[in-house]
Amino acid sequence: MPQPDPSFRANDGLNAAVELMRSPAGTPVDLPPELPETGLGDRQALDMLSCHVLGKAAQLSAPTSLAHMDPPTPWITWAMALWDASLNQNMLHEMTSPFATQAEERVVSWLAPYFGMQGGHFCSGSTIANLTALWAARDSSGVQTVVTSEAAHLSIDKACRLLGLQLVKVPVDSLGRLDRERLPDLNAACLVLTAGTTATGSIDPLDLIGAARWTHVDAAWAGPLRLSPAHASKLEGIEAADSVAVSAHKWLFQPKDSALVMFRELEAANAAISFGGGYLARPNVGVQGSRSAAAIPLLATLLAWGRMGLAQRLDRLMEVAESLADAIEASECLELWGRPQTAINVFRPVDRQTDAFVAALPKGMLSTCVLDGETWARSVAANPSVDIDGVIRSVLVASRDCDSPLA
């Protein structure tokens, strides 16, 4: 009888991989320019790649990291991702994902009520979630036009192009929200509202939900605030939407690729976005066929933290953004675009070029965005380990505000 291939069995290499996470090996070695004819072996490949994968990555948990909507992930998700990879469950078919299917159903059943939705499913990101929602809107309610703001995520443009839907973009107001005074007739349209725009974190007026034939809320960023008693009211009214998208790999602190699309009328929506086949035990729902068991890391996180554990981290990040905004407003050398709505600050130096200002700060501390043709600095509170006092000191020094008591 042939012996099992050791490359498919747990061995000491896994322990070595964990140790390398704590301390990547040696000096980076150039990767082969061509596919090796003879393999290096598992352990040598591990050592070689640790210098690149671990040593050259953006450090999203660094105390200075405040630039992007990409958070660090809790260690329990690393363990679940390892388990997932070792099992390679396929959510296309329950026979290849018996517990993973149950895990997804359980997580969706926990989260959907916070948004007033009946249910939904996981997908690999909010681009797919938004596409799925607009597909359901088109095929279940007959909409042919999508209305959204100029600040909507580019995935809405992509979805309309793929689905053959007409896209109408409405200007934003002074707070970066869809300008309700500029709306066209919505009777036969799908209205897409954003809860946490990419550049400024603005929330569109959710009291517009119900004014269109179908309303979708792209809550990729701000959606998890619904689980915080202190901030859930920022998304009041979302429960009346027809569909909602949330990125789990943003403010639910999950590894890529993880998002949810949820529907208020689940049966009708699923009927519009399902396909069957003789080789399938049940219809395939949504855009993706084969997909990973992304719900398992989130299941573990929610079990470990509970709702209050998640809310505490979100509340702290909201406080982080407020503290930075306070410091910016108090400085004569900085201009704040507006108070943070969902833990995103947009600001710029008064007497320096924004790009030079951002470049003078530690890498990953700030990013930039363009509003009305002008470049602004941007911070995103997604890292619970950020040293906000240190960030404020660095920002004030870089803006030449040396008289500040924090400098």
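## Aromatic pairs

Phe-347 is buried, with a relative accessibility of 0%. Phe-357 is likewise buried in this predicted model, also at 0% relative accessibility. The whole structure holds 4 aromatic pairs. One of them joins Phe-347 and Phe-357 in an edge-to-face arrangement, with 6.1 Å from centre to centre and 75° between the planes. The angle counts as edge-to-face because it is over 60 degrees.

Phe-347 belongs to strand S11 (residues 344–349), while Phe-357 belongs to helix H9 (residues 354–359). The pair therefore ties together parts of the chain that lie 10 residues apart in sequence.

## Charges over rings

Two arginine side chains are placed over tryptophan rings. Arg-313 has its charged end over the ring of Trp-305, at 3.7 Å from the ring centre. In the other case, the charged end of Arg-348 sits over Trp-376, 3.9 Å from the centre of that ring. Arg-348 falls within the range of strand S11, residues 344–349, the strand that also carries Phe-347.

## Strand S5 and its neighbours

Strand S5 covers residues 214–218, and 5 of its 5 residues are buried, so the rest of the structure largely encloses this strand. Trp-214, His-216 and Asp-218 point one way from S5. Thr-215 and Val-217 point the other way, and the residues on both sides are buried.

S5 pairs with strand S4 (residues 189–194) through 5 bridges, and the two strands run parallel. Within this pairing, Thr-194 has Asp-218 of S5 as its bridge partner. S5 also pairs with strand S6 (residues 243–247), again in the parallel sense, over 3 bridges. Here His-216 stands opposite Ser-243 of S6. His-216 and Asp-218, which take part in these contacts with S6 and S4 respectively, point the same way from S5.

## Nonpolar surface patch

A nonpolar patch of about 790 Å² lies on the surface. Its residues are Val-18, Met-21, Leu-31, Leu-49, Val-53, Leu-54, Trp-75 and Trp-78. Three helices each supply at least two of the patch residues: H1 (12–22), H2 (42–54) and H3 (75–87). Of the contributors, H2 gives the most, with 3 residues.

Val-18, a member of the patch, lies in helix H1. Val-18 has a relative accessible area of 38% and is partly exposed. That value passes the cut-off for patch residues, because they need over 30% relative accessible area.

Technical notes: Residues are numbered from 1 along each chain as its sequence is written. This is a predicted model: local features need pLDDT of at least 70, side-chain atom pairs count only at pLDDT 80 or more; totals for chains, interfaces and linings use all residues. Side-chain values use heavy atoms; hydrogens and water are left out. Patches are made of residues with over 30% relative accessible area and no salt bridge: like charges are joined within 9 Å, nonpolar side chains (Val, Leu, Ile, Met, Phe, Trp, Tyr) within 5 Å. Accessible areas come from the Shrake-Rupley method with a 1.4 Å probe; for residues, only the protein chains shown count as cover. A salt bridge is a side-chain nitrogen of Lys or Arg within 4 Å of a carboxyl oxygen of Asp or Glu. Helices (H or I, at least four residues) and strands (E, at least two) are DSSP runs, numbered from the N terminus. Buried means under 20% relative accessible area, exposed over 50%, partly exposed in between (1.4 Å probe, protein chains only). Rings of Phe, Tyr and Trp (its six-membered ring) pair if their centres lie within 6.5 Å; planes under 30 degrees apart count as stacked, over 60 as edge-to-face and the rest as tilted. A charge sits over a ring if NZ of Lys or CZ of Arg is within 6 Å of the ring centre and within 35 degrees of the ring normal. Two strands pair if DSSP finds at least two bridges between them.
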